[in-house]
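Hi,

Here is the structure I promised to pass on. Have a look at it first, and then read my notes underneath.

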Amino acid sequence: MKPLLALRWALLATLVALLGACATVPPGGPGGTAAAGAAPAAAVAIDPWESFNRKVYAFNDAIDEAVLKPVATAYRDVVPQIVRTGVNNLLGNIGDIWSAANHLLQGKLQDGLEMGMRVATNTFFGLGGLLDPATGLGLTRRSEDFGQTLGRWGVGTGPYLVLPFLGPSTVRDSAGLVVDRSANSSILPLSSNEQYGVSALELLSVRAGLLGATQLLDQVALDRYSFLRDAYLARRRDAVYDGAAPMEVFEDDAAEPPAKPVPASAPASAPK
Amino acid sequence: MFKPLLTAMTVVSAVLASPAALAEAAPDALVRQISVEVIDAAKADKAIQAGDVGRVLGLVETKVMPHVNFEVVTRSAVGVPWRTATPEQRSKLQTEFKTLLVRVYAGALSQLGDQTVAVTKTQPVAGSTQVVVQTEVRGKGEPIKLDYRLDKAAATDTAWKIIDVNVGGLWLVQNYRSQFAPELTKGGVDGLIATLVERNKTAAK
């Protein structure tokens, strides 16, 4: 349990440092920033701590390579799919309770009630959450966390931040994470040792699900750090708007005539 | 967080790999029809599920390109330096960028499970001829948002072409602008080409 304890302290220390730093950095607008597709200049604005972040990222990467990835791979290869799905469902069902609460905190009554119904269905008809009959009934999981709720309330993301062990985040989402954690542990009253066990299982389960995806990242990104950052920020922005974020401009500044987003006359000299 | 990306890429590739018979369709109908057709095709093809890169490359070459304006895709990702690039450089950029993306599809296609695609909304982009078709990929887990940006390619062409794809909030092609920009600053167009070639070589191993 010692490493996990250390993890918790590292996280707390970072957050305390951050909340101090937070005051000096102007937060972005509601929903943060249009980081995706933005010019590199915009990336600097959202990522003022890039050199620090890159170090944490490298650290996380090393830990992942040495410990997390091998363990997650073993978990995937050794534990049968049906058990892994069960673990996912159980953890997901607990998470759904907090999602329902966040929907309500954001004033989305219907979504909140639907997620509540989902939890009730899976708890009573799904062996306490081991199975997921609710999805089949059209009660789809729509996860919400407190970071999203803060975003909905108009709190800007603040700068991008890579958390030790936990990866991409922002100042706002890190604060949200602290609330998420304590909410989840009050939903499931466990001793702190059991809580660590659940957290470890959660981490393992998530990492195992991502094994294919990280391989994809290696292939798709020229710079993994910035790709992951832009993807994270874009995804969070989209999540705050529940998938209906304001339309972004399609930057096509090399089109002819220049400075027109519409390629009305694509160059005839197009190489084939 | 990249799991949705992966799954969605699968569907993107699926969508892209469709017959060219839908050229005249409305954008939403186009997206819907090819989504369904291609998920079926990918599911039925054992070689694709096994991640056969050559096979996917062939599929993309013959069936995808009719629905994608890859020139706009590459040009918009490169930005201003595209204007001064020579035809050979442009051609190389397109080829290498295509290889990069197709390789991703190849891996992703093998992950395709029991998914369905629903078109949720279609909206015009203000001040342009573009349209965004929003879809949701529904499977076992949480639904994945997958949007397409389409445009009429050229005056001579009445067909809608895909110019960008939004996976879980990330406009993929536009995101490459910030991936390409440092390379272009460092080594110009040739530097970017070299990086892409290198990346494709490494990935092929």
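Helices here are DSSP runs of H or I with at least four residues, strands are runs of E with at least two, and both are numbered from the N terminus. Bear in mind that this is a predicted model, where local features need pLDDT of at least 70, side-chain atom pairs count only at pLDDT 80 or more, and totals for chains, interfaces and linings use all residues. Residues are numbered from 1 along each chain as its sequence is written, while chains are lettered from A and ligands numbered from 1 in the order in which they are written.

Chain A first. It has 11 helices and 2 strands, and from the N terminus the order is α-α-α-α-α-α-α-β-β-α-α-α-α. Of its 272 residues, 32% are buried (20 or more other C-beta atoms within 10 Å of a residue's own, with C-beta atoms placed from the backbone). Take contacts (C-beta atoms, placed from the backbone, within 7 Å): among those in chain A between residues at least 6 apart in sequence, 67% join residues at least 24 apart.

The part I looked at most is helix α4(A), residues 81-105. Its 25 residues reach 35 Å from first C-alpha to last, close to the 36 Å expected at 1.5 Å a residue (that is, 1.5 Å times one less than the number of residues). Its buried residues, W98(A) and H103(A) among them, pack against α5, α7 and α8 of chain A. Just after the helix, G107(A) has a positive phi of about 80°.

How do α4(A) and α5(A) (residues 109-125) meet? Their axes come within 7 Å and cross at roughly 160° (axes are lines fitted to C-alpha atoms over the stretch in contact, and angles run from 0 to 180 degrees between N-to-C directions). The two are therefore roughly antiparallel, a label for angles over 145 degrees. Residues of α4(A) in this contact include N93(A), I97(A) and L104(A), and those of α5(A) include M115(A) and V119(A).

Over in chain B, V133(B) sits in strand β2, residues 131-138. V133(B) counts as buried because it has 24 C-beta neighbours inside 10 Å. Beyond four places in sequence, its contacts include P27(B), D28(B) and V31(B), and these three are also among the buried residues of α2(B). That helix, residues 27-44, has 18 residues, so it should span 26 Å, and its end C-alpha atoms are indeed 26 Å apart.

Cheers

Notes:
A residue is buried if 20 or more other C-beta atoms lie within 10 Å of its own, exposed if 12 or fewer, and partly exposed in between; C-beta atoms are placed from the backbone. Two residues are in contact if their C-beta atoms, placed from the backbone, lie within 7 Å. Angles under 35 degrees count as roughly parallel, over 145 as roughly antiparallel, 65 to 115 as roughly perpendicular and the rest as oblique.
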